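Here is a quick tour of a small set of side chains and what surrounds them. Have the model open while you read.

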Amino acid sequence: MGAERILFSVDYPYQPLDGVKTFIDSLPVNKAEKEAIAFRNAERLLGITV
């Protein structure tokens, strides 16, 4: 599958954002893959810049 095909999301405001950074930091992947999952894939998919 690969990190380039995963998007992280939260159902805010229905689900709190507490622990999001801790969760992303705990993923067993390198920094580039964490960034891809956290926001780079969404940027590419949606054509936006964060």
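In this predicted model, a polar atom of the Lys34 side chain sits 2.9 Å from the backbone oxygen of Asp25. Lys34 is part of helix 2, and helix 2 covers residues 31-46.

So which side chain of opposite charge is nearest to Lys34, and how far away is it? That would be Asp25, at 5.2 Å. A salt bridge here needs a side-chain nitrogen of Lys or Arg within 4 Å of a carboxyl oxygen of Asp or Glu, so Lys34 ends up buried without one. In other words, Lys34 has a polar partner in the backbone oxygen of Asp25, but no salt bridge. Setting aside residues within four places in sequence, Lys34 also touches Ile24, Leu27 and Val29, along with Asp25 itself.

Helix 2 holds another residue to look at, Asn41. Is Asn41 buried or exposed? Its relative accessibility is 6%, and the cut-off for buried is under 20%, so Asn41 counts as buried. The Asn41 side chain reaches a backbone oxygen too, that of Ile6, at 2.8 Å. Once residues up to four places away are left out, Asn41 is in touch with Ala3, Glu4, Arg5, Ile6, Leu7 and Ala36.

Here are the two side-chain-to-backbone pairs together:

| Side chain | Backbone oxygen | Distance |
|---|---|---|
| Lys34 | Asp25 | 2.9 Å |
| Asn41 | Ile6 | 2.8 Å |

Leu7, one of the residues Asn41 touches, belongs to the segment before helix 1 (20-26). With a relative accessible area of 46%, Leu7 falls between the limits of 20% for buried and 50% for exposed, which is why it is called partly exposed. Leu7 also helps make up a nonpolar surface patch, together with Leu45, Leu46, Ile48 and Val50. Between them, these five have about 540 Å² of accessible area.

Now for the chain as a whole. The protein chain has 2 helices and 0 strands, and its C-alpha trace spans about 25 × 25 × 20 Å along the principal axes. Of the 50 residues, 16% are buried; Asn41 and Lys34 are among the buried ones. The accessible surface adds up to about 4,200 Å², with carbon and sulfur atoms supplying 58% of that. Finally, take the contacts with a separation of 6 or more: 52% of them link residues 24 or more positions apart.

Note on methods: Residues numbered from 1 in each chain as written. Predicted model: local features only at pLDDT ≥ 70, side-chain atom pairs only at ≥ 80, totals over all residues. Heavy atoms only, no water. Patch = residues over 30% accessible without salt bridge, like charges linked within 9 Å, V, L, I, M, F, W, Y side chains within 5 Å. Areas by Shrake-Rupley, 256 points an atom, 1.4 Å probe, with all protein chains shown as cover. Helix = DSSP H or I, 4+ residues; strand = E, 2+ residues; numbered from the N terminus. Buried < 20%, exposed > 50% of the residue type's maximum accessible area, 1.4 Å probe, protein only. Polar contact = N/O pair within 3.5 Å; in protein donor to acceptor, adjacent residues only side chain to side chain. Contact = heavy atoms within 4.5 Å. Lys, Arg positive; Asp, Glu negative; His and termini not counted.
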